[in-house]
Amino acid sequence: MLIIGYGNRERGDDGAGVLVAEQLRELGIPTKIHTADALALIELWGGVEEVTLIDAVVTGAPAGTVHKWDVDQMLGAEASHASSHGMGLVQAIGLARSLGCLPGQLHLYGIEGKRFAIGQEMSTEVKNAVERLVRQIAEPS
Amino acid sequence: MTGQNSRTIRVDTLARVEGEGALYIKMVGERVADVKLKIYEPPRFFEAFLRGRHFSEAPDITSRICGICPIAYQMSAVHAIERALGLRIDPAVRLLRRLFYCGEWIESHTLHVYMLHAPDFLGFQDVMGMAKDHRSVVERALRLKKIGNRIVSFLGGREIHPISAAVGGFYKAPTKRVLRELADDLQWALEASLETVRWTATLEFPDFEQDYEFVALRHPDEYPFNEGRLVSNRGLDIDAAEYEDHFVEQHVKHSNALHSVVRGRASYLVGPMARFNLNFDKLPEAAQQVARDVKLTIPVKNPFRSILVRGVELVFACAEALRVIRDYEPPAAPRVEASTRAGVGQAITEAPRGILYHRYALDDKGMIVTAKIIPPTSQNQKRIEDDLREYAPRLVAWPLDEATWKCEQAIRNYDPCISCATHFLKLTVEREPAGGA
């Protein structure tokens, strides 16, 4: 089981996934933090059976909403294109699937963000959502 | 509404450009009335953020400016600060830094050539579509990119790492044996890079040449990474310290970015084509030979053929990495300790997309008083608009969606790193009657 937090901590709510990964580490749960292009995720999860990936998203839902998707939902969802990375997460997942290098199980958490400018502070809604998601992952009910 | 049409190409989200941005082209008949490429300029935030910080923090802080080219930012930062402090680094450290840069070029050029640019030439929406018909090509790209990533991760690119780059050298120097472990991968990567050049040579290129001023570093003995004079094909030949005397940043209304021009002249081109045209004689024989094999001769003036030039630079990066691994002997000390003094230092290094200028002024306690960062994409931005001004009239007969796509492709020729510069890219084309308003 590999947990990856994806995003850019210099861009306000875009840092949500990274913050989740950092807080899980503080609880002693190993995670990886990824800040580069989505394509390199394929390298990160190579050979891993179960992966949980957390990223910031924009779907039009209220800020702080935590979405959970599987691969099929992700590839079918227009909303997921709003992920703010050049080589999109959806493309990386789609590419991995067509090359047969997706993890057996890939769980995707999207935290709805509302502000993404460089140097902006993370919104309160997203900070709260990060805490909720950390608890949920750390203490599965 | 008959007769001459005016039309506007509008791209609100430029796909396959790192980050986001917007393009707006207004045509009246066959005349381009207006071209606006919108790019924001995040380094301004980082320049402010750096003020009041100790110089030792600059490599880490600036590496966060771009997720694709963190090494470039680290390298320009350490070199500029070393000049401010009057530090001379160990030759072994210099070699390691070249290896570091090789890793980043391999990663960045592979991503762009195969994943972002090639789909344009092959008529695919994106690399997902391309992978279905060109599976082995995409697999080669993934493996090649991973090898670049391995070098960068090994020397500590993105996360804090024991070996990470520091002012004066590295925090820790790797052993010779550990570096040798990269050799087999790199030997494969060298072959794959040669194959990349041959493969890109089979693509079809629009017939489009421009009369560019190419600007790149030039070093007496090497294809440039971290050192050299800044030269151009129009007689420029300066030290990094003179950069701001020869280049001017102009504010433009439509973009937060500044447009760079050569003082008293016009736009200029930085990046692979400029390096290749100005430094062909410094490429290793394997890279020169494969360029000749595919009839890529200097000066290359067709920006669409930059995909081939990136391939040649991949060959160089792999050959150079192998040379470093062969020649490397660990330095006596991983880094030279800096004695603090007040001063100003400028440096230019060759990021994958072109020259990256940094200037720092330090006070006598080693705190940063001012920082200036000019990334390659903002230097190319005016040149991209100039290309579009020439290229768009050729697309008048094309349906709007295809014309738009071709304009996006013309922008991707520059591999613009708009995530260094902005969040979203958009393109716009409008039609309206000529001779109207």
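Modeller: Of the 141 residues of chain A, 50% count as buried. This is a predicted model, in which local features need pLDDT of at least 70 and side-chain atom pairs count only at pLDDT 80 or more, while totals for chains, interfaces and linings use all residues. Residues are numbered from 1 along each chain as its sequence is written, and chains are lettered from A and ligands numbered from 1 in the order in which they are written.

Biologist: What makes a residue buried, and what share of chain B counts as such?

Modeller: A residue is buried if 20 or more other C-beta atoms, placed from the backbone, lie within 10 Å of its own (exposed if 12 or fewer, partly exposed in between). In chain B, 54% of the 437 residues count as buried.

Biologist: Which secondary structure does chain A have, and why is chain A called as compact as a globular protein of that length?

Modeller: Chain A has 5 helices and 5 strands, where helices (H or I, at least four residues) and strands (E, at least two) are DSSP runs numbered from the N terminus. Their order along the sequence is β-α-β-α-β-β-α-α-β-α. The radius of gyration, taken over C-alpha atoms, is set against the globule rule, 2.2 Å times the number of residues to the power 0.38. For chain A the radius is 14 Å, close to the 14 Å that the rule gives for 141 residues, so chain A is as compact as a globular protein of that length.

Biologist: At what angle do helices α4 and α12 of chain B pack, and what is such an angle called?

Modeller: Helix α4 (residues 91-122) and helix α12 (residues 306-327) of chain B pack at about 150 degrees, with their axes 9 Å apart. That makes α4(B) roughly antiparallel to α12(B), because angles over 145 degrees count as roughly antiparallel, under 35 as roughly parallel, 65 to 115 as roughly perpendicular and the rest as oblique. Axes are lines fitted to C-alpha atoms, for helices over the stretch in contact, and angles run from 0 to 180 degrees between N-to-C directions.

Biologist: What is the angle between helices α6 and α8 of chain B, and what term follows from this angle?

Modeller: Helix α6 (residues 135-155) and helix α8 (residues 183-200) of chain B pack at about 135 degrees, with axes 10 Å apart. That makes α6(B) oblique to α8(B).

Biologist: Which residues make this contact?

Modeller: Residues are in contact if their C-beta atoms, placed from the backbone, lie within 7 Å. Among them, B:Leu144 and B:Ile147 in α6(B) and B:Leu186 and B:Ala189 in α8(B) take part.

Notes:
Two residues are in contact if their C-beta atoms, placed from the backbone, lie within 7 Å.
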